[in-house]
Amino acid sequence: MPITVATWNINSIRARLPEACAWLREAQPDIVLLQETKAEDHNFPAMEIEDLGYNLALHGQKTYNGVAILSKHRIEDVTRGLPTLPENTDARYIEGLISLKGIRDWGLGIGKDILTSNPQPLIPTLRVASIYVPNGGEVGSEKFGQKLRFLEALRLHAETLLLQDEMLALGGDYNVAPADMDVYAPAALRGTTCFHPEEQKRLRALEYLGLTDAFRARYPDRQQFSWWDYRSSGWEHNKGMRIDHLLLSPQAADALEDAGIDDTPRGKPKASDHAPVWCRLGVGC
DNA sequence: ATGGTCGGTTGCCGA
């Protein structure tokens with residue numbers, strides 16, 4: 001049974017609740033990683049989301065930031081905040097272990113890896129994180145430095161996570177477009193926030209650890225954006241960037257069946273400025 | 001060379 005994992009910068013869960021619920025009902029993702037929920041945990045519209053069949057893990061904050069994990073499967077082992085950046089109290093990182101109970105018959109080896117005979121967990125798991133990388137403000141500003149340091153701290157933590165040899169999906173608003181084809185006007189935008197070589201270098205450093213950009217791995221030549229500026233009618237002119245990503249561990253990338261960006265919610269009234277990015281992983285039989 | 005538009009609990013700031 002395949003499972004679908006999506007990441008979506010929702011830009012306020014309360015302002016966007018009907019639109020978010022409509023998409024959840026329509027797309028039926030198993031796991032959703034939300035950013036910019038902009039709500040403290042006691043203000044998160046939990047019942048409305050739970051009624052759609054999701055368990056929640058929240059790391060909220062007033063006015064700014066806020067991340068969440070929605071999952072149709074159990075969420076265990078939740079961590080809030082990047083362990084490698086303890087001084088940062090912004091709600092920009094939440095991690096959890098999804099127990100894929102009920103998805104039986106992991107692989108062909110009945111509890112063993114068919115080639116190595118290594119014992120495999122009886123219940124398959126997928127570790128996920130919902131990540132909201134700082135926007136960075138002006139290039140060279142204090143905020144820009146914080147963005148670069150956040151990306152470095154994320155790399156350091158990802159290094160530890162990858163030692164676990166698990167299925168892992170690090171999803172979120174990275175606020176970095178990886179390459180020229182990921183922005184509408186590379187020449188004009190080069191060196192600006194979200195398309196700066198120092199940001200791209202740090203995003204690639206994550207990939208060098210062995211993490212795979214799900215969308216780009218599946219569609220090497222496709223130009224599709226995940227964010228369009230409200231200002232200057234970015235959506236209407238398709239002036240966008242691909243800055244939301246799902247980075248997969250080797251174990252998850254091996255299970256990658258498909259990926260995409262669902263830009264239909266972006267064209268609707270009261271839309272977030274970001275579109276959901278998703279991938280489908282083949283888990284079990 | 002600078003504005004445009006959103007969301008928050010707001011008379012501005014962050015994106």
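What follows is a chat about helix 3, its sheet and the nonpolar cores of a predicted model.

Trainee: Before we start, what are the ground rules?
Mentor: It's a predicted model, where local features need pLDDT of at least 70, side-chain atom pairs count only at pLDDT 80 or more, and totals for chains, interfaces and linings use all residues. Residues are numbered from 1 along each chain as its sequence is written, chains are lettered from A and ligands numbered from 1 in the order in which they are written, and side-chain values use heavy atoms, leaving out hydrogens and water.

Trainee: Cool. How many residues does helix 3 have?
Mentor: Helix 3 has 21, residues 142–162. Helices here are DSSP runs of H or I with at least four residues, strands are E runs of at least two, and both are numbered from the N terminus.

Trainee: And which of its residues are buried?
Mentor: Among them are Phe144, Leu151 and Leu162. Buried means under 20% relative accessible area, with a 1.4 Å probe and protein chains only.

Trainee: What covers them?
Mentor: The cover includes strand 6, strand 7, strand 8, helix 5 and helix 7.

Trainee: Switching to the sheet: what's the strand order?
Mentor: It's an open sheet of six strands, 5-6-7-8-12-9, with mixed pairing. Pairing takes at least two DSSP bridges between two strands. Strands 5 and 9 each have a single partner strand, so one side of each lacks a neighbour in the sheet.

Trainee: How do strand 7 and strand 8 pair, parallel or antiparallel?
Mentor: Parallel, over six bridges. Val128 has Ala169 in strand 8 as its bridge partner.

Trainee: What about strand 13 and strand 14?
Mentor: Those two are antiparallel, with five bridges. Asp258 sits opposite Arg280 in strand 14.

How values were computed
Expected span 1.5 Å × (residues − 1). Buried < 20%, exposed > 50% of the residue type's maximum accessible area, 1.4 Å probe, protein only. Contact = heavy atoms within 4.5 Å.
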